[in-house]
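Colleague: I should like to learn how to read the features of a model such as this one. May we go through them in turn?

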Amino acid sequence: MIVAGFGFRAGAPPESLRAALALALAQRDVPPVTHLATAQDKSAALDPLGQALGLPLVPVSAEAIAAARTITQGDASRRARGTGSLSEAAALAA
């Protein structure tokens, strides 16, 4: 399973999520993504991208996100989610 994790601000337009995924994949030599993941409370906003790409969405609990050890460390993410990176934690937990 190759998971693309997402963390984004409320109201982020769907096209920006698609563009972020395309940019990330263009910068790395990785196998094809098989799943998308984000926090449960953000999953409704990410679901349209998953449907458009034919990829299942994995909603990740707040507990699993907070328990994930991330290399990336961001202050805003730490305050809001209890992890250094929501996107990284979601991918790891999924």
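Modeller: We shall take the sheet, the helices, the cores and the charged pair in turn, keeping in mind that this is a predicted model.

Colleague: How should I begin with the sheet, and what is the order of its strands?

Modeller: Strands of a sheet pair through backbone hydrogen bonds, either parallel or antiparallel. Here an open sheet of three strands runs in the order E1-E2-E3, and the pairing is parallel. The edge strands, each pairing on one side only, are E1 (3-5) and E3 (57-60). On average, neighbouring strands are turned by 25° against each other, direction ignored.

Colleague: How many bridges join E1 to E2, and how many join E2 to E3?

Modeller: E1 and E2 (residues 35-39) are joined by three bridges, whereas E2 and E3 pair over four bridges. Individual partners help to fix the register. Ala4 has Leu36 as its bridge partner in E2, and Gly5 stands opposite Ala37 in that strand. On the side of E3, the bridge partner of Leu36 is Leu57.

Colleague: Through which helices does the chain cross between the strands, and what is the hand of each crossover?

Modeller: From E1 the chain crosses through H1 to E2, a β-α-β crossover that is right-handed. From E2 the chain crosses through H2 to E3, and this crossover is right-handed as well.

Colleague: Which strands does each packed helix touch?

Modeller: Helix H2 (residues 43-53) packs on the sheet and touches E2 and E3. The direction of H2 makes about 165° with that of E2. Helix H5 (residues 86-93) also packs on the sheet, touching E1, E2 and E3. For H5, the angle with the direction of E2 is about 120°.

Colleague: Is E2 mostly covered or mostly uncovered?

Modeller: E2 is mostly covered, with five of its five residues buried.

Colleague: How do I read a nonpolar core, and which residues make up the largest one?

Modeller: In soluble globular proteins, nonpolar side chains tend to be buried together. The largest nonpolar core in this model has ten residues: Ala4, Phe6, Phe8, Leu17, Leu21, Val33, Leu36, Leu46, Leu49 and Leu55. Helices H1 (14-26) and H2 are the elements that give two or more residues to this core. Leu21 illustrates the packing: leaving aside residues up to four places away in sequence, Leu21 touches Ala4, Phe6, Val33, Leu36 and Leu53. A second, separate core has nine residues, among them Ala37, Ala39, Ala68 and Ala90.

Colleague: Is Ser77 buried or exposed, and what does it touch?

Modeller: Ser77, which lies in helix H4 (residues 75-81), has a relative accessible area of 16% and is therefore buried, the cut-off being under 20%. Beyond residues up to four places away in sequence, Ser77 touches Gly82, Thr83, Gly84, Ser85 and Leu86.

Colleague: How many salt bridges does a search of the whole structure find, and which residues form a salt bridge?

Modeller: Side chains of opposite charge can pair when their charged atoms come close. The search finds one salt bridge. Arg81 pairs with Asp41, and the closest N and O atoms are 2.8 Å apart. Arg81 lies in H4 and Asp41 in the loop between E2 and H2, so the pair ties together parts that are 40 residues apart in sequence.

Colleague: How accessible are Arg81 and Asp41?

Modeller: Arg81, at 24% relative accessibility, counts as partly exposed. Asp41, at 57%, counts as exposed.

How values were computed: Residues are numbered from 1 along each chain as its sequence is written. This is a predicted model: local features need pLDDT of at least 70, side-chain atom pairs count only at pLDDT 80 or more; totals for chains, interfaces and linings use all residues. Side-chain values use heavy atoms; hydrogens and water are left out. Two strands pair if DSSP finds at least two bridges between them. Axes are lines fitted to C-alpha atoms, for helices over the stretch in contact, and angles run from 0 to 180 degrees between N-to-C directions. Contact means heavy atoms within 4.5 Å. A nonpolar core is a set of buried Ala, Val, Leu, Ile, Met, Phe, Trp, Tyr and Cys residues joined through side-chain atoms within 4.5 Å. Buried means under 20% relative accessible area, exposed over 50%, partly exposed in between (1.4 Å probe, protein chains only). A salt bridge is a side-chain nitrogen of Lys or Arg within 4 Å of a carboxyl oxygen of Asp or Glu. A crossover is right-handed if, with the strands pointing away from the viewer, the path from the first strand over the helix to the second runs clockwise.
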